[in-house]
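Happy to walk through the aromatic rings here, one "why" at a time. Have a look at the structure, then we can test each label against its cut-off.

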Amino acid sequence: MIEAPLNQLTVIQGGPGTGKTAIALHRVSWLLYNHDELDAEDVLVVGPNSTFVRYIEDLLPDLGDDVAHLAIGDFRPDIRPRPQVRGRESENVAALKGDVRMAGLLAWALMQGVERPSAVKAWEAQVNGRTYTFDGAGLVAAVDDALQAGTYQQARLRLCGWFRTECSRNGTWVDEQDPMALTGQIMPEMTAAALVQRVLNRADELQGVSAGNFTAEDLRQMWREPRPSAQERWTLADMFLLDEADELINGSPQRYRHIVVDEVQDLSPMQLRALARRSHGSMTVVGDIAQSTGLWSRDDWDDLLCHLPDRLPVGWHELRYGYRVPRQIHELAASLAPDVAPGVEPPQPVREADEEPFWCELDEQAFAAQLAKRVVHHLDDDLGVGVVCPASRRQAVEAALTDARIDWGDADRAELDADTTVVSPENAKGLEFDVTVVVDPTGILKNDDGNRGDRLLYVALTRATQRLDVISIAPQPASASPENSPRRVVGAEQAENTETPPPTAVSVEPVTAADALQRQVVGLIVDDIMGRLSLIAPHLWQPVLDEVAARLGRTRSDTSSS
């Protein structure tokens with residue numbers, strides 16, 4: 001894989017800890033060393049966020065190479081004035097803007113600004129007090145020819161040349177600027193910002209193209225109040241629309257001889273198109289479909305590769321062995337794998353952990369003390385700790401660490417120098433820690449943002465290189481008190497942890513961490529099913545469940561027979 005040919009699209013699928021990032025970076029070094037025509041400035045490495053980019057950007061210099069790095073969230077199109085991200089929008093709107101259909105909508109909107117003269121009558125125009133008249137049929141042919149030139153700006157220049165030739169031939173050319181002024185009446189000057197604003201600010205005028213493309217509701221959601229371009233509250237999703245618009249108008253931006261994209265599985269079609277137009281075709285893309293989350297979570301690579309350059313052959317590689325995640329931790333995470341990505345074979349671990357994963361279930365009052373105790377325990381063993389928690393627990397986790405006087409860094413802000421790091425499941429991708437403490441796995445599974453909670457939990461569980469702790473927070477009834485709240489402890493430190501915290505009763509059960517995780521997942525699904533059944537009459541509950549069981553049986557039979 002490292003020595004694969006330069007002139008191809010190299011695809012590397014690899015589960016957690018398989019070394020896909022290291023392979024991609026070593027491939028960059030190998031290519032630079034073995035291809036004299038390739039310089040460091042010809043290579044771009046793209047990561048999912050600034051945390052990840054900071055994590056890897058020191059690796060290539062260690063290998064002797066200094067190439068450009070870019071977090072996809074820091075992407076800005078090459079236009080002037082340089083746009084800044086000042087606005088925010090709903091996930092629904094961001095998803096619409098990331099859809100590949102936006103490319104067609106922008107192209108259509110650009111052409112809507114082009115005047116189509118009549119071929120059966122003369123075309124007249126006023127320029128600086130002078131009247132110009134041209135044959136309609138000839139102008140129509142000139143416009144059609146100009147639109148074949150490539151970009152919109154090239155079309156304007158070609159049409160301007162036609163006007164200049166006609167004015168010279170007819171002896172009507174008075175001013176050097178007149179041909180371009182005439183061109184502007186057919187093809188007005190356009191900027192990327194103006195074109196994107198035409199789409200976003202004038203949705204009511206675009207509803208005629210909604211059939212087979214965007215619905216009126218889609219356009220209504222994307223609409224926003226018009227404002228001057230300098231005051232526009234651009235969002236991150238807008239950056240890729242601006243880039244698409246700039247290519248339509250001015251052509252391709254600076255291209256790289258080779259682009260590496262890590263965690264590529266989460267990028268939107270419009271983000272992929274932005275990277276593709278910066279590539280001569282040679283790319284190395286690495287990712288894991290089982291870790292594909294966010295607005296564009298995918299179940300196969302075909303949905304992704306169709307947006308990348310197809311000028312060169314594709315080299316496909318799948319990594320089979322996991323070198324980072326120990327077997328015990330991998331088996332716990334793999335209990336999710338059949339549902340996380342049915343078509344992806346989990347990697348085979350080659351390492352053993354010194355101890356089994358630790359799992360405990362605590363009430364709201366007890367979890368903070370236990371979290372602090374576990375972190376201190378690992379720090380005393382000179383191990384770095386990553387604490388992964390959902391947004392709903394973030395404040396409580398930070399308070400617990402601060403109250404225990406544990407120095408910690410915020411990985412979501414690229415703070416990776418502390419011995420203890422707090423990170424969201426979304427930003428944990430690609431990171432690794434000696435010890436990972438996963439707080440509230442049910443909260444990660446539920447994921448209020450509509451993300452793939454099962455895959456986010458899979459990501460969280462597979463960040464550890466040595467030890468894994470899972471602290472589950474038990475649902476507490478309104479009548480519960482600290483004296484009768486449940487607490488279950490499973491794992492290597494079982495005896496020690498049955499003694500803390502004192503106010504809480506302890507119940508140790510003969511259950512593995514994998515069993516505990518399965519119970520969490522099953523309970524969440526049962527809650528969802530019960531919520532749905534509550535919407536229908538009770539006498540229909542059993543027929544619904546019987547039909548579900550029958551369909552699942554048929555699906556299982558079809559799968560086994562195939």
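Rings of Phe, Tyr and Trp, with the six-membered ring used for Trp, count as a pair if their centres lie within 6.5 Å.

Q: How many aromatic pairs does this rule give?
A: In this predicted model, the count comes to 8 aromatic pairs.

Q: Why is the pair of W123 and F134 called tilted?
A: The centres of W123 and F134 are 6.2 Å apart, within the 6.5 Å limit, so the two rings pair. Their planes are 35 degrees apart; this is neither under 30 degrees (stacked) nor over 60 (edge-to-face), so the pair is tilted.

Q: What makes this pair a tie between parts apart in sequence?
A: W123 belongs to strand β4 (residues 123–127) and F134 to strand β5 (residues 130–134), so the pair ties together parts 11 residues apart in sequence.

Q: Why does F134 count as buried or exposed?
A: F134 has 3% relative accessibility, and buried means under 20%, so F134 is buried. W123, at 7%, counts as buried because of that cut-off too.

Q: What makes F134 and W162 a pair, and of which kind?
A: Their centres are 5.8 Å apart with 45 degrees between the planes, so the pair meets the 6.5 Å limit and is tilted. F134 lies in strand β5 and W162 in helix α7 (residues 152–170), so parts 28 residues apart in sequence are tied together.

Q: Which residues form one aromatic cluster?
A: The cluster is made of W123, Y132, F134, W162 and F163.

Terms used
Residues are numbered from 1 along each chain as its sequence is written. This is a predicted model: local features need pLDDT of at least 70, side-chain atom pairs count only at pLDDT 80 or more; totals for chains, interfaces and linings use all residues. Side-chain values use heavy atoms; hydrogens and water are left out. Helices (H or I, at least four residues) and strands (E, at least two) are DSSP runs, numbered from the N terminus. Buried means under 20% relative accessible area, exposed over 50%, partly exposed in between (1.4 Å probe, protein chains only).
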